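Here are a few exercises to help you find your way around a new structure. Try each one yourself before reading the solution.

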Amino acid sequence: MAKSKIAYFCQSCGFESPKWLGKCPSCQQWNTFVEEVIEKGNASVPAWKPASTSQQRANKPVQVTDITYSEEHRVPTPDKEFNRVLGGGIVPGSLVLIGGEPGIGKSTLMLQLALNMPHQKVLYVSGEESDRQIKMRAERLMPPPPPKGGANSGNYTGLSSIEAPPLGGGGGGTCYILTETSTQNIFKQIESLEPDLVVIDSIQTLHSAHIESTPGSVSQVRECTAELLRFAKETSTPVFLIGHITKDGMIAGPKILEHMVDTVLQFEGDRHHVYRILRTIKNRFGSASELGIYEMMGEGLREVSNPSEILLSHRETPLSGITISATLEGMRPMLIETQALVSASAYGTPQRTATGFDTKRMSMLLAVLEKRCGFRLGAKDVFLNITGGIRVEDPAIDLGLAAAIISSHEDMPIPFKTCFAGELGLSGEIRAVNRVEQRIAEAQKLGFNQIFISKYNLPASGQDKKRMDLSRYDIDIKIVSSIEEVFGLLFG
């Protein structure tokens with residue numbers, strides 16, 4: 001056995017030091033170093049493969065022109081939102097990390113995926129729950145299957161199987177449940193079962209025999225992830241890891257954990273709202289700006305194919321301070337409802353509160369409205385809200401928020417079926433936004449009568465006019481250049 005050694009790791013960023021330090025030189029955090037005993041194993045033998053069957057091969061350098069490339073084969077899932085976030089489906093041999101706050105629905109999402117994979121043998125490894133708890137959740141997520149003879153539940157020791165019903169007329173897959181935290185025992189079951197997909201819930205509960213530190217420590221998380229990474233790449237088996245979240249909202253463990261995996265997904269949302277957002281942070285096989293929207297129900301998570309309809313409230317009478325803005329999340333256009341409330345301040349210092357929007361950008365919008373348009377907002381309380389419990393960083397909602405603030409300040413409602421898409425500059429000009437045609441098409445599809453866009457979005461040359469033709473839309477497109485022009489068209 002190799003000689004053991006002691007090292008100190010930063011629990012915030014994973015920085016390693018041979019001695020204890022009060023302040024981490026990497027992340028500048030105080031009192032984050034902990035002592036861990038490290039036991040180096042035999043690096044020549046993969047931890048997931050027995051020593052008798054391991055075969056080492058030496059890779060040779062090749063020219064980039066000699067490398068043969070074919071389109072990556074993807075395994076589609078029945079969940080269209082999950083396919084969108086992954087870039088089209090599950091890539092064989094990929095390692096995907098899913099993080100989120102406690103109780104947000106990470107285990108529910110992955111168990112629902114494991115139960116509904118058609119023609120796939122899925123191994124769901126849980127280190128936090130017992131097999132009975134998982135069975136109770138599985139019965140809630142799907143109706144009980146009809147009784148069948150010759151069940152597969154007794155073929156493997158320590159495994160229990162759940163037969164998934166067929167989806168869309170096709171054959172259903174089989175989900176196996178394993179409650180284990182040792183990576184050596186997990187790889188033994190994987191070798192005998194040979195699953196098509198592996199789900200680990202969660203990576204912070206696993207421990208390797210090669211490391212003597214406790215589960216969840218920096219060295220254990222790094223070693224267990226490295227073993228799963230070698231297994232995924234050498235067997236072309238996709239592996240999904242569920243990760244914990246710290247109080248700062250970051251994925252727990254060393255920062256190298258996010259660098260090792262192929263895809264990092266963030267499952268977020270307010271637990272008091274029914275909507276959840278699956279956001280892509282990193283993706284080596286697709287776009288890193290996609291998101292999927294789900295609705296939490298008693299029977300599990302339901303995918304939302306048209307988020308604009310759920311983010312818009314259906315009102316019978318117009319109300320002041322409410323506007324509709326056209327935004328983009330990844331490649332998906334959405335219409336969201338932006339609300340503003342402006343009232344007289346009862347105290348000496350006015351309040352500035354924004355929910356789902358950057359507070360500093362709200363202060364900039366208020367300064368522009370007061371300087372360029374003459375509205376006295378310095379002694380007013382201003383509250384902004386993005387409905388649906390989502391957070392928007394698209395600057396194209398600036399125009400809609402400015403119109404909502406003035407609508408609430410003057411107590412004059414915005415006309416029905418009016419949409420906004422424009423960025424507000426410091427001089428009061430309406431700046432152009434990207435992919436304005438998709439925003440106009442989404443507003444027209446939902447039955448809006450008019451949309452305000454910047455004149456700088458109009459094509460300047462003949463070639464651009466052929467590429468962008470606004471005459472094909474039935475919606476009334478208002479071309480504006482300044483915020484004063486917008487208010488003149490809205491309020492006269």
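**Exercise 1.** In this predicted model, work out where Ile104 is found and whether Ile104 counts as buried or exposed.

*Solution.* Start with the chain: Ile104 is found in the loop that runs between β4 (95-100) and α2 (106-115). Next, check accessibility. Buried means under 20% relative accessible area, and Ile104 has 3%, so Ile104 counts as buried. Then look at who touches Ile104: leaving out residues up to four places away in sequence, the contacts are Phe267, Glu268, Gly269, Arg276 and Met296.

**Exercise 2.** Do the work again for Gly105: find where Gly105 lies, and list what Gly105 touches.

*Solution.* Gly105 lies in the loop between β4 and α2. Its relative accessibility is 10%, so Gly105 counts as buried. Leaving out residues up to four places away in sequence, Gly105 touches Phe267, Met296 and Leu301. Now turn to the record: an unreviewed UniProt entry places a "binding site" feature at a set of residues, including Ile104 and Gly105.

**Exercise 3.** Lay out the open sheet of seven strands and say which strands stand at its edges.

*Solution.* Write down the order: β16-β17-β15-β14-β18-β21-β22, with mixed pairing. Now read off the ends. β16 (352-355) and β22 (476-480) each have a single partner strand, so one side of each has no neighbour in the sheet. As for the twist, neighbouring strands here are turned by 25° against each other on average, direction ignored. Zoom in on one pair: β14 (residues 322-329) and β18 (residues 418-420) pair in the parallel sense over two bridges. There, Ile324 stands opposite Cys419 in β18.

Finally, add the helices. Helix α8 (residues 359-372) packs on the sheet, touching β16 and β17 (380-386), and its direction makes about 125° with that of β16. Helix α10 (residues 436-445) lies across β14, β15 (332-344), β18, β21 (450-454) and β22, running at about 170° to β21.

**Exercise 4.** Describe how helices α9 and α12 pack.

*Solution.* Two packed helices are described by the angle between their axes and the distance between the axes. For α9 (residues 398-410) and α12 (residues 483-491), the angle is about 55° and the axes are 11 Å apart. That angle makes α9 oblique to α12. The crossing of α9 and α12 is right-handed. Last step, the contact: α9 brings Leu399, Ala402, Ala403, Ile406 and Ser407, while α12 brings Ile483, Val486, Phe487, Leu490 and Phe491.

Conventions:
Residues are numbered from 1 along each chain as its sequence is written. This is a predicted model: local features need pLDDT of at least 70, side-chain atom pairs count only at pLDDT 80 or more; totals for chains, interfaces and linings use all residues. Side-chain values use heavy atoms; hydrogens and water are left out. UniProt positions are given in the numbering used here, feature names are shortened, and annotations may be inferred rather than shown by experiment. Helices (H or I, at least four residues) and strands (E, at least two) are DSSP runs, numbered from the N terminus. Buried means under 20% relative accessible area, exposed over 50%, partly exposed in between (1.4 Å probe, protein chains only). Contact means heavy atoms within 4.5 Å. Two strands pair if DSSP finds at least two bridges between them. Axes are lines fitted to C-alpha atoms, for helices over the stretch in contact, and angles run from 0 to 180 degrees between N-to-C directions. Angles under 35 degrees count as roughly parallel, over 145 as roughly antiparallel, 65 to 115 as roughly perpendicular and the rest as oblique. A crossing is left-handed if the near helix is turned anticlockwise from the far one by less than a right angle, and right-handed if clockwise.
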